[in-house]
Amino acid sequence: MSSIDRSQEVGVTRSYEIRTYGCQMNVHDSERLAGLLEDAGYVRAPEGSDGDADVVVFNTCAVRENADNRLYGNLGHLAPKKAKRPGMQIAVGGCLAQKDRDTIVKKAPWVDVVFGTHNIGKLPVLLERARVQQEAQVEIAESLEAFPSTLPTRRESAYAAWVSISVGCNNTCTFCIVPALRGKEKDRRPGDILAEVEALVAEGVSEITLLGQNVNAYGSDIGDREAFSKLLRACGKIDGLERVRFTSPHPRDFTDDVIAAMAETPNVMPQLHMPLQSGSDAVLKAMRRSYRQERYLGIIEKVRAAIPDAAITTDIIVGFPGETEEDFEQTLHVVREARFAQAFTFQYSKRPGTPAAEMDGQVPKEVVQARYERLVALQEEISWAENKKQVGRTLELMVAEGEGRKDDATHRLSGRAPDNRLVHFTKPDQEVRPGDVVTVEVTYAAPHHLLAEGPVLDVRRTRAGDAWEKRNAERAAKPAGVMLGLPRIGVPEPLPAAANSGCGCD
């Protein structure tokens, strides 16, 4: 199927659509892909185009058992559309592209470009080469060509931004394929990271999330074990930067100097996402997780001692091969002891190319489901109890965009507390913009959100709100530049395990 249309007018603006699957790193990469395409003259297709753009890009994830079936199903849906539209192009990138390479073009010969996790910067060139040569371009780099953060970007939020500090991972968890696809850890220079943060703040950003596959291992590539805590403290000195978050750390590398930096740096938020995966030492060993239950709970105890109001969240895998009822009870024990604000729970599924997929002792689906439901019920009870402790507290919220699904119907707005809890609050009479800060009193708690039903106590207009207002005005002036959807900063609300496409690999 040819991707070229020689009758196309020279200079006609081409539209693009990006479909993103998987973890925060993929969301960050998609912002860069959008920036690269717009830098090359493409414009964002209207929201809901559903494959009607001139270029459709799939940024894929490979960690779920059925990830390839999902991709080929979507590609099959586009095949007849492409047949009717000479000149339309389809590109596939991300982790599944890095893993499957030539297989994608063999199974879906109407795909024009396949690129990997290490060479996202080549997308515009590969699209043009496919158009000129009238044949599919498959280019998979074996090592990183450029940090995503050094490429052009189209950020989806005016007031909050991801900042990549490292890529790749040095761990060898038996359930995770990410290190094989994104390579060994490679760190950015601290000066480059801070320069990017300062540039973002100058544009109006007031919250950043430091991003890495194993974010607190930062420094291993540059020979400084305290590099991450130093980076947190350096972020604390940047004028105008109100909130600093990071995701996701690994218990193996979580050291006391990081806890001290979190506690002593005012703009580092009292929030920690610390993946547990299992509470059983036997399962942790089979997972090749380099910590045990005692070590994990010791970290939680130290964090709570230094930062009493910290909200701690986690990832847990249920039904890992060989998991016994006793092993699962150990996970429930850790959940009770740690009292997580929220847990993102995954039913184990085979991830092709991982050692765990070939292990003996695969747990029957019905057993996994029953354990999963028990874990969810326990965590819901704990989340609700922990949220009830927030009732009566006065909190500063950064007003969010698109986080309150019922805000229009309830005449409320939504915002994130310092600990990243989602709070819906009564809409005040005065104008409040995303990025502005409001002060409210919490009046009600649900398991996954809080309510502030009384009047707003204070509204602080911010540079971030100004930046949002400016961007909205520019969008109104250029209706073609529609946003691809706001990725949430911080940890998203939990989804059913079957629907959650996040890695859960840290």
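C173 is buried, at a relative accessible area of 6%, where buried means under 20% relative accessible area, exposed over 50% and partly exposed in between, with a 1.4 Å probe and protein chains only. This cysteine is a good place to start a tour of the model. The structure is predicted: local features need pLDDT of at least 70, side-chain atom pairs count only at pLDDT 80 or more, and totals for chains, interfaces and linings use all residues. Residues are numbered from 1 along each chain as its sequence is written, and side-chain values use heavy atoms, with hydrogens and water left out.

## The cysteine loop

C173 sits in the loop between β8 and α6. Helices here are DSSP runs of H or I with at least four residues, strands are runs of E with at least two, and both are numbered from the N terminus. C169 belongs to the loop between β8 (166-167) and α6 (178-182), and C169 is also buried, at 9% relative accessible area. An unreviewed UniProt entry lists C169, C173 and C176 under "binding site"; UniProt positions follow the numbering used here, feature names are shortened, and annotations may be inferred rather than shown by experiment.

What does C169 touch, leaving aside its neighbours within four places in sequence? Its contacts are P179, G183, K184, E185, Q213 and N214, with contact meaning heavy atoms within 4.5 Å.

## The chain as a whole

Stepping back, the protein chain has 15 helices and 21 strands. Its radius of gyration is 23 Å, close to the 23 Å that the globule rule gives for 506 residues, so the chain is as compact as a globular protein of that length. That radius is taken over C-alpha atoms, and the globule rule is 2.2 Å times the number of residues to the power 0.38. Along the principal axes, the C-alpha atoms fill a box of roughly 65 × 60 × 45 Å.

Of the 506 residues, 58% count as buried. Among contacts with a separation of 6 or more, 77% come from residues 24 or more positions apart. The accessible surface is about 20800 Å², with 50% of it belonging to carbon and sulfur atoms; the areas come from the Shrake-Rupley method with a 1.4 Å probe, and for residues only the protein chains shown count as cover.

The mean positions of the 64 positive and 73 negative charges are 2 Å apart. Lys and Arg count as positive and Asp and Glu as negative, while His and the chain ends are not counted; each charge is placed at NZ of Lys, CZ of Arg, CG of Asp or CD of Glu.

## Two annotated domains

The unreviewed UniProt entry gives residues 155-386 as "domain: Radical SAM core" and residues 388-456 as "domain: TRAM". Here is how the two stretches look in the model.

| Residues | Helix | Strand | Distance between end C-alpha atoms |
|---|---|---|---|
| 155-386 | 40% | 16% | 33 Å |
| 388-456 | 7% | 38% | 20 Å |

## Backbone details worth a look

Most residues other than glycine have a negative phi, and most peptide bonds are trans. Against that background, a cis peptide bond joins T247 and S248, with omega about -10°. S248 lies in the loop between β11 (243-247) and α9 (256-264).

Q134 has a positive phi, near 60°, and lies in the loop between α5 (123-133) and β6 (137-139). Q277 has a positive phi of about 75° although it is not a glycine, and its loop runs between β12 (271-273) and α10 (281-287). Which of the burial classes fits Q277? Q277 is buried at 0% relative accessibility, whereas Q134 is partly exposed at 38% relative accessible area.

## Two residues and their surroundings

E323 is in the loop between β13 (311-318) and α12 (325-338) and is buried at 5% relative accessibility. Leaving aside neighbours within four places in sequence, E323 contacts V283, I317, V318, F328, V363 and R371. E323 and G361 are 38 residues apart in sequence, and their C-alpha atoms are 7.8 Å apart in space.

V138 is part of strand β6 and is partly exposed at 34% relative accessibility. With neighbours within four places in sequence again set aside, V138 is in contact with R101, D102, V105 and V114. From V138 to S30, 108 residues apart along the chain, the C-alpha separation is 19 Å.
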